[in-house]
Each structure stands twice: as C-alpha cells, then as structure tokens.
Amino acid sequence: MSRGIVGSRAGRATIASPLHKDVFDLQTGECYTRPGELHLPTWWVREDEGVIFVAPRPVLVAASHGTADPAGQRAVAGLVDAVRAARPELVVEPSFVDVQEPDVTRTLAGLPDEVGARIVPLLLSAGFHVHVDLQQTRQATQRPVTVSGALGPDRRLAQLLHRRLLEAGFDAESTDRVVLGAAGSTDASAVRDCRLTAAYLAELVQRPVTAAFLAHAEPGLAAAVQQVRAEGPGRVFVATYLLAPGFFAGRAAAAGADVTTEPLLTADGPVPPELVEIVGELYDGRD
C-alpha cells in the first residue's frame, strides 16, 4: 500500500491498492470493494512543531451488559451502529459483560496484535462490572487497553429521562409524581450515582424525585411507588433509568406505577444523540 493511489469516494479520502485494486477508507481502514473481508489498520497522526507522531488508533470496544431480550439486543446494536456512523474514523466492536457473546476477553483476543483498545462500558453506573470485571480483563491482556468510566451520571441522561417522561404524558403543571427506577448495585458508588441522576431529574421536573432500585439496593422500586402514592394525590410515574428493554425493564413496568416510561434506548426508535455523544467523549478520554 506504500504505492497506493489516493482518491476519494462520496467525499471521503481513499487509498487504492495498485495491484489488487481494492479501495480503502483512509480514516477507518474499511474496504469499500470487499467490506467485512479486508481491513487496513489505521493510525493516529499528530504534527507538533514539525515532528510527526504516529500511533495505532485504539479500537472502541462497546461493552454492554447483554440481554436475552431481542428488543434489548436490537436497541443496544442500534446504539453501537450510531456510534460507528458518528465516528467513522474508529473501529467499533460490540462486546458484553454477561448473557451475550462475545465477551470482552474474546473481543480483545480477536483484534490485530498491534492494535490497542479503549473499553467503553455501555452501563449507566460504574458498579462491579466497571470497577472489577473490566479491570481484571484489562490486566489479563498483553495489549494496551484502557477502560473508561460509565455513561452516567451525566446531566444529558437526566434530560433524556425528562424527555421520556414528557413522551409518556407527564404534566409539569399537575400533581404528577416521579420515581427514578434504576437497576441497583452492590457498589455504593453506583447507588450514589443513581441518586445524583435523580437529583438532576428533580431540577428538570421541579419536584422531588425518589431514586429506587430493582435489586441490591434500597428502597425497592415497588415499595417506593407505594410510598410516593401515599404522600398525596396525583399519578405516579416511574422514570425508567435503564439503558434498554429487557428483564429489568419488565420488572419496572410491573412495579405498580400509573405510568412507566420507556428505557433510554428503544428497540425500533431513534438512538438518542445524547448517548452517542457520551460514548464518543468517553472514548476520547473522559473517565
């Protein structure tokens, strides 16, 4: 490829093999003529006072929890596809910490030897999977690997939760009440992160928001819904603080609220731009 022919396709810079005639995207390394079959490694290039620095570009390993629910699988795959579309210079590989395959260890093992990776957990809070599982995976590999923080807490996630409430019929002028329904964790910092998200959402809905959990933390979601209902008139909304449809989303819907919002991702709806932005920022170095 050192004698490759530089050109363009649909406004993107390309390089063509003079021998085999295959055409590659110069930023992503993807092959236009044999997609999925051939791929060129891409590199970070930076100029500093006349000195050119070159380094391999880490693969973005998008590590979600995994689910057996087909709707949840489609929703998370949609997010991964949206990140690829927003960041065409990156190689983005899906991976899972539970339930689905490939797991992160297998994903890393399948990368070219010279390529590093940046694992971005598609998890709303940094609990056991972020602090233990993924760190152990990073330490066990011989390639350069870093792990970012979780998606939350982030005020943009609270804005997305607010949007889901409005889509579900929440009325800011009424006596509607809100409970944040989160998965829960044995990690105290993850529970604090959920409570911070509830505080961010409370600012937007201009009323108290109780953080409640489906497992491993208190108060439980069903108990919190009953408690909030007993405090006064008005509908009780559960703002579903879950990434995608699945087992926990079903439990949230059965917790007894008058209205339960959709998760942040839905199976067939548009991918929220907030999530795509956050994933990109985490890859770029926001821990």
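Helix 1 gives the most to the lining of the largest pocket, supplying seven residues. The structure is a predicted model, and this report covers its two largest pockets and its largest nonpolar core.

Helix 1 spans 70–86, and other elements also supply at least two residues each to that lining. These include strand 6 (59–64) and strand 7 (92–96), along with helix 3 (128–140), helix 5 (188–205) and helix 7 (247–253). By class, the lining of the largest pocket holds 25 nonpolar, 15 polar and two charged residues.

The space in the largest pocket comes to about 940 Å³. It is lined by 42 residues, of which His65, Leu123, Ala183, Leu242 and Phe248 are the closest to the centre.

The second largest pocket has a volume of about 330 Å³. Its lining is made of 20 residues, and those closest to its centre are His39, Val59, Val91, Glu93 and Pro112.

The table gives the classes of residue in the lining of the second largest pocket.

| Class | Residues in the lining of the second largest pocket |
|---|---|
| Nonpolar | eleven residues |
| Polar | four residues |
| Charged | five residues |

The largest nonpolar core has 46 residues. Which of them touch the most other members? They are Leu60, Leu122, Leu151, Leu180, Leu201, Tyr241 and Leu275. For Leu275, leaving out residues up to four places away in sequence, the residues touched are Leu79, Leu151, Leu157, Leu160, Leu243, Leu264 and Leu265. Leu151 is thus named twice: it is one of the core residues that touch the most other members, and Leu275 touches it.

Terms used: Residues are numbered from 1 along each chain as its sequence is written. This is a predicted model: local features need pLDDT of at least 70, side-chain atom pairs count only at pLDDT 80 or more; totals for chains, interfaces and linings use all residues. Side-chain values use heavy atoms; hydrogens and water are left out. On a 1 Å grid over the protein atoms alone, a cavity is a set of points where a 1.4 Å probe fits but cannot get out, and a pocket is an open set with protein on both sides within 12 Å along at least five of seven lines; lining residues have an atom within 4 Å of a point. Grid points are joined across faces, edges and corners, and a volume is the space filled by probe spheres set on the points. Helices (H or I, at least four residues) and strands (E, at least two) are DSSP runs, numbered from the N terminus. Ala, Val, Leu, Ile, Met, Phe, Trp, Tyr, Cys and Pro count as nonpolar, Asp, Glu, Lys and Arg as charged, and the others, Gly among them, as polar. A nonpolar core is a set of buried Ala, Val, Leu, Ile, Met, Phe, Trp, Tyr and Cys residues joined through side-chain atoms within 4.5 Å. Buried means under 20% relative accessible area, exposed over 50%, partly exposed in between (1.4 Å probe, protein chains only). Contact means heavy atoms within 4.5 Å.
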